[in-house]
Amino acid sequence: MAAERMRGETEETAAGSLFLNQSAFQKLIHSSPEDGWEKCWEQGFTPWDLGRPTPIIQQLYRMGALPKGRALIPGCGTGYDVVSIACPERYVVGIDISEIAIKRAIQLFSSSPNTNHFIFLKEDFFTWHPTELFDLIFDYTFFCAIEPKMRVAWAERMSGLLRPEGELITLMFPISDHIGGPPYKVSISDYEEVLCPLGFKAISIMDNELAVGPRKGKEKIGRWKKIRSNSSL
Ligand SMILES: C[S@@+](CC[C@H](N)C(=O)[O-])C[C@H]1O[C@@H](n2cnc3c(N)ncnc32)[C@H](O)[C@@H]1O
């Protein structure tokens, strides 16, 4: 049923939308604070899913411009980005709170040639405590998915999960003025407000020229490093 719904959507809604099927999707999320995301996955309301890796992260990977070591992608969904940056020099952990999303990712990518270099785990980003820290964390469509009141906790977890020299890459989206969510609107200062007090500094913030379809002009890529360290597991 989910696949049929996805096939029935236009390119604009199914791939790269601003989550244009918002009203049904938002209703579902708000109807069930406990397991709204699981319900979306179950009923096939996944308008955020590009069905392929995010072009800008693929480009950074190909350019060798991503930190090596251990990488984390929180709220990884179907996991295309996880698999696209996993390689012998970089072990990638994709976590998602939805069991269905994680099962789908495992099923989709279990026979990838680089399968030894990534893992999918059903975990809640806000309560998960891994045994090792990360050199890279990539956030795309996760910051905008959580309620704005959770953003301070988001930054604290980012800080706690990164190694002292680690890098946080935020693909900031959607930079717009709309009301409500998810996706909740974001701005550069929304990120600065929660990251800078924890010692993060923006190394670069640029327009994402490779944004997909209707997301064009609404995305910026930010690269952040901690200048003061307060990592903890
Ligand atoms: C808007 S989707 C984005 C998925 C993926 N990043 C993508 O671009 O295709 C947000 C994802 O975050 C997951 N999620 C929501 N809250 C979470 C939490 N507290 N911990 C981990 N994942 C969470 C949802 O299940 C959903 O798959």
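In these legends, contact means heavy atoms within 4.5 Å.

**View 1. Helix 5 lies across four strands of this predicted model.** Start with helix 5, which covers residues 55–62. The strands beneath this helix are strand 2, strand 4, strand 5 (162–172) and strand 7 (220–226). Helix 5 runs at about 55° to strand 7. Now look for helix 9 (residues 188–195), which also packs on the sheet. Helix 9 touches strand 5, strand 6 and strand 7, and its direction makes about 160° with that of strand 5.

**View 2. Seven strands build an open sheet with mixed pairing.** Reading across the sheet, the strand order is 3-2-1-4-5-7-6. Strand 3 (118–122) and strand 6 (200–207) each have a single partner strand, so one side of each is left without a neighbour in the sheet. From one strand to the next, the twist averages 20°.

**View 3. Strand 1 and strand 2 run parallel.** Here you can follow residues 69–74 of strand 1 alongside residues 90–96 of strand 2. Six bridges link the pair. A handy landmark is Arg70, which stands opposite Tyr91 in strand 2.

**View 4. Asp135 sits in strand 4 and is buried.** Strand 4 spans residues 134–140. Asp135 counts as buried because its relative accessible area is 17%, and the cut-off for buried is under 20%. Which side chain does Asp135 join through a polar contact of 2.7 Å? The partner is Arg163. Beyond four places in sequence, Asp135 is in contact with Pro67, Lys68, Gly69, Arg70, Leu162, Arg163, Gly166 and Glu167. Arg70 in this list is the residue facing Tyr91 in View 3.

**View 5. The whole chain puts the close-ups in context.** The protein chain has nine helices and seven strands. Of its 233 residues, 53% count as buried. The chain exposes about 10,800 Å², with carbon and sulfur atoms supplying 54% of that area. Among contacts between residues at least 6 apart in sequence, 71% join residues at least 24 apart.

**View 6. Confidence is under 50 over residues 1–16.** How many contacts beyond four places in sequence does the model have for this stretch? There are 24. For the protein chain, pLDDT averages 90, and 88% of the residues score at least 70.

Conventions. Residues numbered from 1 in each chain as written. Predicted model: local features only at pLDDT ≥ 70, side-chain atom pairs only at ≥ 80, totals over all residues. Heavy atoms only, no water. Helix = DSSP H or I, 4+ residues; strand = E, 2+ residues; numbered from the N terminus. Buried < 20%, exposed > 50% of the residue type's maximum accessible area, 1.4 Å probe, protein only. Polar contact = N/O pair within 3.5 Å; in protein donor to acceptor, adjacent residues only side chain to side chain. Pairing = 2+ DSSP bridges. Axes fitted to C-alpha atoms, helices over the stretch in contact; angles between N-to-C directions. Areas by Shrake-Rupley, 256 points an atom, 1.4 Å probe, with all protein chains shown as cover. pLDDT = per-residue confidence, 0-100.
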